[in-house]
Amino acid sequence: MTEPAVHVDALLKVFDVPEREAGLLAATKGLVRRKTRAVRAVDEISFSIEPGEVVGFLGPNGAGKTTTLKMLSGLLYPSGGEALVLGHVPSKRQRAFLSRITLVMGNRNQLQWDLPALDSYELNRAIYRIPREQFGAMRDELVELLDIGDLVRKPVRNLSLGERMKAEIVGALLHRPQVLFLDEPTIGLDVTMQKRIRAFVADYNARYGATVLLTSHYMADVEALCKRVVVIHHGRILYDGPLTGLADQFAAYKTIGVALENGNADLSQYGEVIHREGDWITLRVPKADTSSVTARLLTEEQVLDLNVEDPPIEDVIELVFAQEKPE
Amino acid sequence: MNALRVTWLFFKLGVLNEMQYRVNFFISVFQAAIALVTGLVVLALVYSHTQELNGWSQSELLCVLGIQILMGGIIRTAIQPNMTRLIEDVQEGKLDYALTKPGDAQILVSVREVRIWQVVDIVSGVVVVLVGLSRISTDVGPLDAAAFAAAMLFGAVLIYCFWLVIATVAFWVVNMWHAVELFDGVFQTGRWPIGIYPPWLRVGVTFLVPIAFAVTVPAEALTSRLDWQTLLLAAVFAVVFFAVTRWFWRFGLRRYSGASA
Amino acid sequence: MTVAPQSAPVREAGRVRSMVDLYLTTMRTAVAQQFQYRTANYFYMFGMIAEPVIYLVVWTTIADQQGGSVNGLTAGYFAAYYIVWTLVRNMNIVFGAPFWEHRIREGELNRDLLRPVLPLHYDIAYFAGWKVVVIVLWIPLAIGLSLVFDPSLSPNPQQIAAFGIAIWGAYLIRTMFQESLGMLCFWTTRGAAVFDLWMTLELLLSGRLVPLPLMPDWVQELSRFLPFQWAFYFPIETLVGDYSNMALVRGLLVQLLWILIGLAIFRVAWRFAIRRYSAVGG
């Protein structure tokens, strides 16, 4: 068995957050003695990622996703526990480590603003010490894959948000990193662009066997790319497994949509009515009861149309996030 | 008069706003102290090699330094913040907010910003002037004091007009940031008697950037070397320049609002 | 074309050659970018000449009043001193505390820390490229000033060569110390106060205000043990004064010494700064 690309064991990050009350008196007192509160942003999480996996990190704001990514990329020291990426301790920030990873953040610029992206790529070539032939080939390949062609000759500030994101991604991958940390890469982009970038990431992963850690708010990103998701909330991992199993664990129900002859019928005996629109009623029933409820509806009511669906992932996630912080 | 009341209201608002940033006070004091020490060191250095500069003794030049700091304080408290904000608003298209408020736009854009902590400069300038005066042999009579006050007023008005013209140019030439840096540099010429400058520079800092009127003329009043022709010239120049500035401002405003020039 | 997963990383070029490559590429990027901003650069340089021109006029006046010279320094010397001053002043502008504050606050530090190079290299290289543009822009300015103020300047070839090296030495000395000062920004956002204090000391002790021989003796003594004059007065003097060859070489070596001292201080400060940054995050 090969060594995992990312290995995290009881990783802990505690921040001392100053507590500040309103008011003049509190502010003056605050000048002399500062009260702080220890916040466990990442609370002893453990997981392992094999080379070549594409893993999605899901969690609401403040869940600890970005903090985890920062610890894995070496920007933050852990307060406890251990993290290993490609066999390196990230916080040591060794050259061999930094040359094999990349962190792409959705709304941050890594390219020079006033110059064409090509010039920034040259700079990256020099920084990562990429041999010229290899650099040229990689750059051309990436430009073609992302279909940005001549845009790399225009000053970055003249590009639209989507075009800029593509150019950023090219820049981030020139040194052919083996681990990609993608922090909200499709944020603020239109649907076509999002699809494009998802397709690209999948392609890159297939070609180079790179390991990808992706955080996103968009379920579509996760559904399209990640077979495995890690759900983080309040600094703890709530779920780590296949995407399909998520619903099973947290939302063991299905939704039944039914159109009746009699639109005003009261269906509460069959299950939880969650939506009514015209003649269409949506019911939520426990998974185990799905077939029996369906059968009863068909026999006992005048049904014009009926369909059975898995709960939308967004709803599942909402349920997961709505869980209160365990004390 | 409504204009005065509006002015006072905005000034008060500006002060209240600034009062929130107490740290700025300490920083202002610190910076004022440093600027003062530097100025005094230079003065001491110069006078360690000579007795008088262009006819001005060390104590007299101390007064000049004080007036320059004092005037600089007035500029940085009340004039510059408004003008830089005006330039910024024009650049970012935010001027419309000011224009849709009732009242004269010129008054509004001229008084809404106040850097109250720069008052520290005014205070330190006054102190320096007083120290300098105490060491001059000749006393300051009531006539001189009145002339000084008048000269300061004309000087401040002229600097205000100069700044407003620069800011109005921003309607056409959007990028005026460099003007700010240039002004600070040129304002330093006020520390020394303008007599020492080559003629072309002398004319420049008198009529182009009215530093001579802002600093030297009041200093001359205080050290009893002002002749009434110069004061009269300052008064006339101030009135004329104010009128011209007002006209230019309204011209620029009409242009900005899309009316034909 | 597929590459086996976890294959050997892309082969990296040799170390020294890569460093040179990095510096040259960064410099080229800086030149391209700053050339785009040439108007802004020009305005800035123009605004900066007010200070030396004022000093020049003041001292020339004193010299004239005293029959031609002050402490042996003639009006022509002052003109030369303050004109060369304008170039040295520009060479002295480096990546310092205000830039560090901006870098940390705007999150750019994260980007820079992810790169497998010390940000110091990038800073030095980028500003060096910028200086090239500055030097080119300075020449017409110098010519203009010379026409107006009539400096007495007649350096021999060794002095010119020494000057060429000394201005870069000044640049590096100032870089090292300013970068070290910038590390304070990791602990406080009020670094401005310390920065101002340092700048004032520098103003008084470096030869920026007046040529050092005009300062009282105790100040000159004090200056000798500080790096300031080696970033300002010394480079100007190589061109404007009359150093012997021995003195030139000795001065350049002292510059080198100060660069190394500054570098050592920076490395220590950097290590502490990074430790702090990585503990509390950006």
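Biologist: Is Asp147(A) buried or exposed?
Modeller: This is a predicted model, and Asp147(A) sits in the loop between α5 (132–146) and α6 (161–173) of chain A. A residue counts as exposed if 12 or fewer other C-beta atoms lie within 10 Å of its own. Asp147(A) has 10 other C-beta atoms within 10 Å, so the label is exposed.

Biologist: What is the phi of Asp147(A)?
Modeller: Asp147(A) is not a glycine. Its phi is positive all the same, at about 60°.

Biologist: Where does Ser224(B) lie, and is it buried, exposed or partly exposed?
Modeller: Ser224(B) is in the loop between α10 (211–222) and α11 (228–256) of chain B. Its phi is positive, near 55°, in a residue other than glycine. Buried needs 20 or more other C-beta atoms within 10 Å, and exposed needs 12 or fewer. Ser224(B) has 15 C-beta neighbours inside 10 Å, so it counts as partly exposed.

Biologist: Which chains share the most contacts?
Modeller: Two pairs of chains are in contact. Chain A and chain B are not joined by any contact, and their closest C-alpha atoms lie 11 Å apart. The pair with the most contacts is chains A and C.

Biologist: Which element gives the most to the side of chain C that touches chain A?
Modeller: In this contact, 31 residues of chain C meet 35 residues of chain A. On the chain C side, α1 (15–36), α6 (108–114) and α13 (245–280) each give two or more residues. With nine residues, the top contributor is α1(C).

Biologist: How many charged residues are on the side of chain C that touches chain A?
Modeller: Sort that side by class. It has 13 nonpolar and 13 polar residues. The charged residues number five.

Biologist: Which element has the largest share of the side of chain C that touches chain B?
Modeller: Here 27 residues come from chain C and 24 residues from chain B. On the chain C side, α2, α3 (50–65) and α9 each supply at least two residues. The largest share is eight residues, and it comes from α3(C).

Biologist: How many nonpolar residues are on the side of chain C that touches chain B?
Modeller: Sort this side by class too. Six residues are polar and three are charged. The nonpolar residues number 18.

Biologist: How many helices does chain C have?
Modeller: The C-alpha trace of chain C spans about 85 × 40 × 40 Å along its principal axes. Of its 282 residues, 42% are buried. Chain C has two strands, and its helices number 13.

Biologist: Which elements do the buried residues of α9(C) pack against?
Modeller: Helix α9 (residues 192–205) of chain C has 14 residues and reaches 20 Å from its first C-alpha to its last, close to the 20 Å expected. Phe195(C), Glu202(C), Leu204(C) and Leu205(C) are buried in α9(C). One partner of these buried residues is in chain B, namely α2 (22–47). The partners in chain C are α5 (97–105), α8 (157–182), α10 (217–224) and α11 (228–231).

Biologist: Are α2(C) and α7(C) parallel, antiparallel, perpendicular or oblique to each other?
Modeller: The axes of α2 (residues 38–48) and α7 (residues 119–149) of chain C come within 11 Å and cross at roughly 55°. The crossing is right-handed. Angles under 35 degrees count as roughly parallel, and 65 to 115 as roughly perpendicular. The angle of α2(C) and α7(C) fits neither, so the two helices are oblique.

Biologist: Which residues of α2(C) meet α7(C)?
Modeller: On the α7(C) side are Val133(C), Val134(C), Leu137(C), Trp138(C) and Leu141(C). By class, the contact has seven nonpolar, one polar and one charged residues. The α2(C) residues are Arg38(C), Asn41(C), Tyr42(C) and Met45(C).

Biologist: Are α8(C) and α12(C) roughly parallel or roughly antiparallel?
Modeller: α8(C) and helix α12 (residues 233–240) of chain C have axes 8 Å apart, at an angle of about 165°. Angles over 145 degrees count as roughly antiparallel. Therefore α8(C) and α12(C) are roughly antiparallel.

Biologist: Is Glu237(C) buried or exposed?
Modeller: Glu237(C) lies in helix α12 of chain C. Val84(C) is 153 residues away in sequence, yet 9.1 Å away C-alpha to C-alpha. Glu237(C) has 25 C-beta neighbours inside 10 Å, so it counts as buried.

Key
Residues numbered from 1 in each chain as written. Chains lettered and ligands numbered in written order. Predicted model: local features only at pLDDT ≥ 70, side-chain atom pairs only at ≥ 80, totals over all residues. Contact = placed C-beta atoms within 7 Å. Helix = DSSP H or I, 4+ residues; strand = E, 2+ residues; numbered from the N terminus. Nonpolar A, V, L, I, M, F, W, Y, C, P; charged D, E, K, R; others polar. Axes fitted to C-alpha atoms, helices over the stretch in contact; angles between N-to-C directions. Left-handed = near helix turned anticlockwise from the far one by under 90°. Expected span 1.5 Å × (residues − 1).
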